[in-house]
Amino acid sequence: MGNADSKLNFRKAVIQLTTKTQPVETTDDAFWDQFWADTATTVQDVFALVPAAEIRAVREESPSNLATLCYKAVGKLVQGADSGCPSEKERQIVLNCTRLLTRILPYIFEDADWRGFFWSIVPGAGQDEGDDNDGARPLAESLLLAVSDLLFCPDFTVQSHKRAGQDTEEDMQSIDSCEYIWEAGVGFAQSPPLNYIHDLNRTELLKLLLTCFSDAMYLPPSAENNILNPWVTFFSSTDNRHALPLFTSLLNVVCAYDPVGYGIPYNHLMFSDYREVLVEHAVQILIVTLEHETGAAQHNLDHSDSLSASAMEDQEPVGPYNLFVNYLSRIHREEDFNFILKGLARLLTNPLIQTYLPNSTKKIQFHQELLVLFWKLCDFNKKFLFFVLKSSDVLDVLVPVLFYLNDARADQSRVGLIHIGVFILLLLSGERNFGVRLNKPYSVRVPMDIPVFTGTHADLLIMIFHKIITGGHQRLKPLFDCLLTIIVNVSPYLKSLSMVAANKLLHLLEAFSTNWFLFSASQNHHLVFFLLEVFNNIIQYQFDGNCNLVYAIIRKRNIFHQLANLTSDLATIHKALQMKKKTLAGISRTNSQETISMDGSRPAVPAEPGTLKASLVAIPAIDKLTEKAQVSEDGTMVCLQHNTHSPQMTADQHTHSPQPQTAGDQHKHSPQSADSNTSGKAGASDTESNSGRDTEEAFQPESEPARSRLSRVSASATYWNPTPDWVLSWKRKLPLQTIMRLLQVLVPQVEKICIDKGLTDESEILKFLQHGTLVGLLPVPHPILIRKYQANAGTAMWFRTYMWGVIYLRNVDPPIWYDTDVRLFEIQRV
């Protein structure tokens with residue numbers, strides 16, 4: 001009954017607050033203590049007992065009472081941080097205030113008139129709590145510093161170092177929080193004993209921190225990336241003396257977590273895993289605080305700590321003002337890199353684990369946050385990126401990423417997951433070592449609906465990309481150029497494609513080179529250029545060992561002859577556009593006899609009824625996402641200079657022919673498509689879709705707004721009018737010389753062998769091709785061009801909306817931001 005009475009008293013206090021029209025004095029402790037001193041409510045209770053309508057009513061009708069409630073709650077947190085919460089009652093007060101603020105803050109942020117409330121200094125604020133020092137601080141700073149202190153509070157959130165028999169409490173202001181780091185790992189060797197109470201308390205405080213940082217959700221998306229989140233900026237600055245141990249604790253807790261534990265079947269059904277909830281919030285705090293602000297002031301770090309000499313490099317910091325980004329960029333020890341990579345790979349692989357007992361292994365659900373963290377690690381710490389790529393360990397990340405891409409390709413509510421996976425692979429593919437690592441044989445079997453094959457990880461990648469293009473839903477079409485760019489980047493290093501993968505590539509070329517598809521939109525021919533570049537790279541640099549691809553090219557030689565003899569008169573164009581337009585999955589089936597290669601591909605299906613999804617802003621075109629680098633003879637990368645004032649000159653360069661002066665023309669993007677929709681919000685139906693240019697940049701006419709899809713390509717004829725001159729402008733630049741020369745040399749030889757020996761078995765032909773050579777017969781090898789990912793404001797805004805959309809949807813117990821006026825993205829119910 002006591003707990004029921006407590007909830008009843010708490011509810012009465014809320015009703016009193018909402019019904020009082022006159023301001024309640026700050027000195028009326030009897031009234032204010034009802035909210036935290038005499039209650040034992042859970043966070044779920046607080047959300048149920050404090051309805052959204054009543055919070056808004058107090059905000060509108062009794063603003064002074066809401067302000068006082070916030071001041072008093074923060075004051076109690078400051079008091080608890082100063083005293084160290086030695087008693088159970090003080091800890092309960094801190095937890096109650098934490099839950100109350102978590103409930104109220106989103107309604108403060110959603111109102112423009114209240115946005116500056118926590119950053120204002122009210123005369124006398126804090127003095128009633130006997131804390132003159134914090135009286136001069138904005139309320140937000142007092143709150144963040146108090147929460148940071150409480151996250152290292154002995155016997156509350158960390159194990160006390162007090163010796164047995166010692167009566168004096170540990171002084172919160174003098175303790176070295178680096179000695180209280182939550183988990184062993186980067187820069188910390190001791191693993192404190194697990195304490196589920198501490199994990200629960202940490203989780204409550206991290207939930208409040210995340211709510212504070214969610215101020216960013218209530219601002220509309222902007223193309224400018226210099227809008228700093230003041231909460232994150234202060235929390236990750238030198239004003240927070242716990243910045244280093246907090247960063248280390250969060251990172252170590254995430255990377256050390258093993259959801260399987262001792263591997264006892266169904267243990268997750270018998271015991272509550274409080275560490276999982278903590279890890280989930282820790283990774284969310286990490287990705288939010290690691291948001292890099294371009295143009296942020298460079299800061300000369302003067303932050304003494306006990307880890308800088310061991311875990312971080314001693315050189316002068318070059319990172320931004322954000323200490324979390326700075327620490328992340330300065331990790332350099334191999335054992336730390338290994339700890340991080342193994343931990344992330346273990347967690348990313350967890351959903352793929354198969355056992356004989358169904359559902360016997362715990363499956364985590366926060367893989368999207370882990371992918372964002374992995375992205376930030378690779379993007380901010382190039383030494384970590386090189387460490388990942390220097391061994392086959394990168395494949396431990398590649399396989400789960402491909403699994404997620406394949407698994408989500410038909411689910412319209414998980415477009416953002418596919419985007420982040422593709423962006424990670426685009427980043428990795430810009431490095432030579434990634435292409436080299438893909439040659440490792442693929443032997444691990446994970447539950448994916450792909451044809452059985454014997455081959456390498458490169459074959460797996462190509463097959464998954466093929467399924468995304470031919471079996472995914474229509475909103476994935478903006479990603480096609482990114483997918484093909486990844487294959488182009490790795491193609492010069494692929495030593496031996498399997499017959500299955502080779503047929504998939506030819507299958508894509510066959511689908512993309514049909515007349516109606518080429519003429520349906522101004523950008524469609526770019527996909528053909530990408531695929532031809534893949535074939536040229538492999539023929540010129542990896543001919544030996546790729547007899548399967550060469551044989552597939554010979555078998556499908558009519559595709560290349562049709563491209564070389566593409567008719568461009570008005571009658572042909574008109575006839576092509578009158579054909580019945582289907583989705584890409586449909587057209588690839590219609591015009592290909594390789595129906596067997598489509599086995600297992602699933603049609604696009606709607607999300608589960610009631611599924612919530614968050615919209616995403618558009619991101620830049622592929623030529624804005626990447627910068628071109630040329631691989632020199634010694635294997636180093638040389639960035640190519642380009643005219644930044646001309647979108648046509650910054651487009652991808654297809655230099656397949658020996659004449660370098662034609663480079664730069666072969667892959668153009670129109671001025672309209674280069675910059676369109678880099679900051680606008682995606683349509684309501686595009687929940688996590690738009691890849692930069694939306695669909696129009698790659699496949700739709702420039703004049704069409706960003707809302708059409710491939711299935712509406714017939715309608716695009718209204719806006720797009722292809723002309724013979726336009727067709728000729730890119731047809732004459734098709735890089736067919738190398739392939740046509742190969743066909744000219746090998747086709748007669750293969751035909752002669754088949755006739756002379758009466759061969760019907762392709763294995764003999766493959767054996768002939770395997771021992772053949774084209775040395776001296778092909779055109780001069782073209783330079784290898786790699787399109788490396790480059791950061792820009794458009795992608796930074798995309799990551800912000802995606803990251804906060806994921807956090808919004810993942811935090812449903814309690815639903816912290818549900819039904820608040822979020823402006824960064826739109827929430828739709830499928």
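Welcome to a protein with 36 helices and five strands; both are DSSP runs numbered from the N terminus, helices being H or I of at least four residues and strands E of at least two. The model is predicted, so local features need pLDDT of at least 70 and side-chain atom pairs pLDDT 80 or more, while totals for chains, interfaces and linings use all residues. Residues are numbered from 1 along each chain as its sequence is written, and side-chain values use heavy atoms, without hydrogens or water.

Let's begin with the whole. Of the 830 residues, 60% are buried, where buried means under 20% relative accessible area, exposed over 50% and partly exposed in between (1.4 Å probe, protein chains only). Among contacts (heavy atoms within 4.5 Å) between residues at least 6 apart in sequence, 78% join residues at least 24 apart.

Now find helix α34, residues 737–757. Its 21 residues should span 30 Å at 1.5 Å a residue, and its end C-alpha atoms are indeed 30 Å apart; the expected span is 1.5 Å times one less than the number of residues. The helix α34 bends by about 30 degrees at Leu746, with Pro748 following within four residues; the bend is the angle between axes fitted to the seven residues ending there and the seven starting there. Leu746 is also one of the buried residues of α34, which include Ile739, Leu742 and Val750. The buried residues of α34 pack against α25 (525–541), α26 (547–555), α27 (557–564) and α35 (762–770).

Finally, visit Tyr196, which lies in helix α9. Tyr196 counts as partly exposed because its relative accessibility is 48%.
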